[in-house]
Amino acid sequence: NFDFKPKKAFLLYEFLGTALLAFTLNLSAEAFPWVLLFVSLWAWQLSAAHFNPAITLATLLQNPGEIAGNVRSFVFLIVTQLVGALFGTMFTFFGSIIDWYGNQEKQKKITPTPPTLCPSFTTRLDGGNNDCQSKTEMNVLIGETIISFVFIFSWMIIRKFEFKGELKQVENFVKPIFVMLIYIGVTSMTSFTGGFQNPTLALQMAIWNKGVYDQDAIDKDGNTDTYYNVNHLGRFIWVYTTAPFLGAVLAAIAHRMHEKSLQ
């Protein structure tokens, strides 16, 4: 996964894939699994197809003896993913502006829905606002760590498994489908956490919502749920950027134990 010297477009595919995933997550979270399948299909052979710093970290840690030699490639991948996510934020902005010009009846530009924060721990107040209860961050951290571990560990198993015989011909098509199915399954369990599993995508969404999203317009429209989530995203961003890495460390350990059990 880190040997990208023979592949000229290695980092380019990682950049484009992360940018497209960020753009999709911002505008239509429902389409995210299908776009993940799409970018994985055309990047599976030509890139690491990580699109996620947490997966990159787990891949780095799965072979402790090769960490020193892979650190440089690891840094390149992380930076590429971050830059790609920021470009995805920029694409979201341009896409929103274009959509706004095409809908003159709208009072403001069309923008994505902010992530739902701790809905299972949210209490409705008389004023219509939401109030996340105390210690919610730790609950979300535990949940995000668990689902990140499940997804990343499953991804590593899929990536490492080798098809044999005639199935070898369809390996690079079937594996991305498995990744999409695992993602759908994992995200179905994340209604109470937000379900990022990707620190870069969480960071870019925080930048989009806090830096671009029109909070005053949201407040005037009376959409207090959205207004609340936008203003409190900063409170949870450390959770969404930390939990995937914790899950990645656990996944790397579990995958190494899994590999030893097969020997």
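Which residues have the most contacts inside the largest nonpolar core? In this predicted model, where local features need pLDDT of at least 70, side-chain atom pairs count only at pLDDT 80 or more and totals for chains, interfaces and linings use all residues, they turn out to be Leu21, Phe151, Ile152 and Val179, in a core of 41 residues. Residues are numbered from 1 along each chain as its sequence is written, and side-chain values use heavy atoms, with hydrogens and water left out. A nonpolar core here is a set of buried Ala, Val, Leu, Ile, Met, Phe, Trp, Tyr and Cys residues joined through side-chain atoms within 4.5 Å. Buried means under 20% relative accessible area, exposed means over 50%, and partly exposed is in between (1.4 Å probe, protein chains only).

As for the overall build, the protein has nine helices and two strands. Helices (H or I, at least four residues) and strands (E, at least two) are DSSP runs, numbered from the N terminus. Going along the sequence, the order reads α-α-α-α-β-β-α-α-α-α-α. Of the 263 residues, 46% count as buried. Contact means heavy atoms within 4.5 Å, and among contacts with a separation of 6 or more, 76% join residues 24 or more positions apart.

Back to the core: helices H1 (10–27), H2 (32–43), H3 (53–61), H5 (136–160), H6, H7 (199–211) and H9 (224–262) each give two or more residues to this core. Val179 belongs to H6, where the buried residues also include Glu171, Lys175 and Tyr183. Leaving out residues up to four places away in sequence, Val179 touches Leu36, Trp44, Phe151, Trp155 and Ile158. H6 itself covers residues 171–187 and reaches 24 Å from its first C-alpha to its last, close to the 24 Å expected at 1.5 Å a residue. The expected span is 1.5 Å times one less than the number of residues in the helix. H2, with 12 residues, also agrees with its expected span, since both values are 16 Å. Leu36, one of the Val179 partners, is buried in H2, as are Phe32, Pro33, Val35, Leu37, Val39, Ser40 and Ala43.

The loop between H2 and H3 is worth a look too. Ser47 sits in this loop and is buried, at 1% relative accessibility. Apart from neighbours within four places in sequence, Ser47 is in contact with Phe10, Tyr13, Glu14 and Arg159. Ala49 is in the loop between H2 and H3 as well, again buried at 1%, and its phi is near 55 degrees, a positive value in a residue other than glycine. Phe51, also in the loop between H2 and H3, has a phi near 60 degrees, which is positive too, and is buried at 1%. Most residues other than glycine have a negative phi.

Phe51 is also a contact of Asn198, along with Asn52, Pro53, Tyr240 and Pro244, leaving aside neighbours within four places in sequence. Asn198 lies in the loop between H6 and H7 and is buried, at 5% relative accessibility. Asn198 and Thr241 are 43 residues apart in sequence, yet their C-alpha atoms are 7.2 Å apart.

Now for the rings. Rings of Phe, Tyr and Trp (its six-membered ring) pair if their centres lie within 6.5 Å; planes under 30 degrees apart count as stacked, over 60 as edge-to-face and the rest as tilted. That rule gives nine aromatic pairs. In one of them, the ring centres of Phe87 and Phe91 are 6.1 Å apart and the planes are at 65 degrees, so this pair is edge-to-face. Phe87 and Phe91 are four residues apart in helix H4 (residues 67–101), which puts about one helical turn between them. Phe87 is partly exposed, at 34%, and so is Phe91, at 36%. Phe161 and Phe163 also make an edge-to-face pair, because their centres are 5.6 Å apart and their planes are at 70 degrees. Here Phe161 is exposed, at 51%, whereas Phe163 is buried, at 14%. Tyr13, Phe38 and Trp42 form one aromatic cluster.

Finally, Arg159 lies over the face of Trp44, at 4.3 Å from the ring centre. A charge sits over a ring if NZ of Lys or CZ of Arg is within 6 Å of the ring centre and within 35 degrees of the ring normal.
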